Amino acid sequence: MNYSRMIGNNITIEAQRRGLSLEQVLAPLGYKGEYLSRLTEGRLLLPLEEIQRIANVLGTSVDTLTQPRDDQEYLASVHKMGSCDTLEDQDFILDLFDMYADLREAVDAQDKQ
Amino acid sequence: MNHNNLPMEAIIAIKNNVIKARNNYKLMNLIPRDDIFSLLEEECVVLYYPLDNKDINGMHVTKTVGQELEHFVYINTKNPIEKQVYCAAHELGHILGLDQTVRDEIKDQALDSEAIINRFAAELLMPEEEFRNALILKLKEMGYEQKAVSITMDSLLRIVVYLMNFFLVPYKAIVLRMEEMNIAAQEVIDGLETLESENQDRIIAIIEEGKFERLNTTNERKNMKNLTELLLEAKEKGVISQRKLKKLQDIFEIKMQDAADIPQITKEEVHIMI
C-alpha cells in the first residue's frame with residue numbers, strides 16, 4: 001500500500017474509532033470538499049507537520065497515523081462484494097482507479113489551459 | 001437457512017424503487033441480463049479486470065475527479081458472466097443509494113444494507129412475474145401441468161440451471177429468489193444450497209447437457225471507460241509519462257497506434273454501379 005493511502009486510511013480508522021466524522025476532524029484544519037476527499041482517498045501527500053496537526057485533533061500520535069496496521073483493517077475499509085483476503089488485490093484495483101482519475105484530471109487541466 | 005429477513009414494507013419500497021429505476025433508465029427489457037453493464041456505466045466508471053482471486057466479485061468506492069466525487073466500480077471478469085451480471089446489479093444498488101432510500105422511506109434505520117441491496121438486484125434482474133412465468137413454462141415443458149408438483153431434486157436442479165440461463169444470474173441468486181417467492185419449502189431450498197457446495201460437477205454437467213453456452217464462461221475482459229481514447233489524448237497532450245503509459249498499456253493489453261502509423265486507404269477513384 002502506498003504511503004498516502006495508508007495515512008488516509010489510518011486517519012479514517014482513528015476518526016471512526018472515536019465516533020467522529022472526517023468532517024469533524026478535518027474541517028477545523030481547513031480540509032473541505034475536494035481536499036478532504038483526496039486526503040482520505042490517499043491522493044494527497046501530507047507533510048509531517050500536517051500529520052502532526054491531524055494527530056493533535058484526534059488526540060493521538062504521529063506514529064499511530066504513519067505506521068502500517070493489520071491488513072484486515074484496511075481490507076474492511078472498502079466495500080466489496082465477495083471476499084478479499086489479500087491487500088495486494090485491493091491495492092491493485094485502487095491503484096488503477098487512482099491512475100484513471102489522475103489521467104482524466106491531467107487531460108482536463110490541459111484543456112483548461 | 002432462511003434469508004427472508006426483510007419486512008414486507010421494505011420489500012414493497014424496494015419494488016417501487018426498481019420501477020423508478022426502470023423508468024429513469026427507460027429500460028424496456030424486463031429482463032436486463034447483461035444490459036445491466038450499460039446501466040452501471042451510465043452511473044460510474046467501471047473497471048473490468050480478471051483477478052485470479054475469484055472470491056472477490058466486485059468493489060465500489062468514490063473518488064474525486066476534478067472537483068466532483070465520482071463512483072468507481074470494479075468487476076472481476078475472471079468470474080462467470082452470470083456472477084458479473086449480479087455483481088453489476090448489486091453495485092448499481094449501492095450507487096443509487098437504495099439502502100438509505102429504503103431505510104428513510106420506511107423509517108427503519110436498522111435495516112441491513114446488504115439485504116436491501118441484494119433484494120434490489122434480485123427484483124431488477126428477476127422480476128417476480130417473469131420469474132414465475134419462466135418457471136411455469138419450464139415445468140410445463142417437463143410435463144408438469146399442476147400448480148403444485150412433486151419433482152426429483154435432479155429435475156429441480158435442471159430447472160434452476162434453466163432459470164440461471166434465462167435470467168443470466170448465478171445459482172445462488174435463483175435459489176434465493178425461489179425462497180423469497182415461497183416457491184419451495186425451506187428444506188428444499190436448503191437441499192439446493194447443499195447441492196451447490198457438494199455437487200458442483202452435476203450443475204456443470206447440466207449446463208453442458210443443456211448447451212447453455214453463456215453460463216459458467218468468463219470473458220476476462222480488461223477495460224475501463226474510454227481508456228484507449230483517454231491514453232491517446234493524454235499522450236498527445238504530453239500529460240502522461242512513457243513509463244505510466246506503458247504500464248497501463250501492458251495491464252490492459254492496449255495496442256496504440258499514432259495516426260501517422262495507420263495505413264491510409266488509396267485516394268484513387270473507383271467506379272460503382274447503382
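This is a short tour of a sheet shared by two chains, a loop residue beside a chain contact, and a nonpolar surface patch. Keep in mind that the model is predicted.

Let's start with the sheet. Five strands make an open sheet with mixed pairing, in the order β1(A)-β2(B)-β3(B)-β1(B)-β4(B). At the edges sit β1 (79–82) of chain A and β4 (223–224) of chain B, each pairing on one side only. In general, strands of a sheet pair through backbone hydrogen bonds, parallel or antiparallel. Here β1(A) runs antiparallel to β2 (residues 56–65) of chain B, and four bridges join the two. One of the residues involved is A:Gly82, whose bridge partner in β2(B) is B:Ile56.

Next, the loop between β1 (45–49) and β2 of chain B, where B:Asn53 is found. Which residues does B:Asn53 touch, leaving aside those up to four places away in sequence? From chain A, the list has A:Ser83, A:Cys84, A:Asp85 and A:Asp89, and from chain B it has B:Asn76.

Now for the surface. A:Tyr3, A:Leu45 and A:Leu48 make a nonpolar patch of about 340 Å². A:Leu48 belongs to helix α4 (residues 48–58) of chain A.

So is each of B:Asn53 and A:Leu48 buried or exposed? The table has the values.

| Residue | Relative accessible area | Class |
|---|---|---|
| B:Asn53 | 18% | buried |
| A:Leu48 | 52% | exposed |

B:Asn53 counts as buried because its 18% is under the 20% cut-off. A:Leu48 counts as exposed because its 52% is over 50%.

Technical notes. Residues numbered from 1 in each chain as written. Chains lettered and ligands numbered in written order. Predicted model: local features only at pLDDT ≥ 70, side-chain atom pairs only at ≥ 80, totals over all residues. Heavy atoms only, no water. Pairing = 2+ DSSP bridges. Buried < 20%, exposed > 50% of the residue type's maximum accessible area, 1.4 Å probe, protein only. Contact = heavy atoms within 4.5 Å. Patch = residues over 30% accessible without salt bridge, like charges linked within 9 Å, V, L, I, M, F, W, Y side chains within 5 Å. Areas by Shrake-Rupley, 256 points an atom, 1.4 Å probe, with all protein chains shown as cover. Salt bridge = Lys/Arg side-chain N within 4 Å of Asp/Glu carboxyl O.
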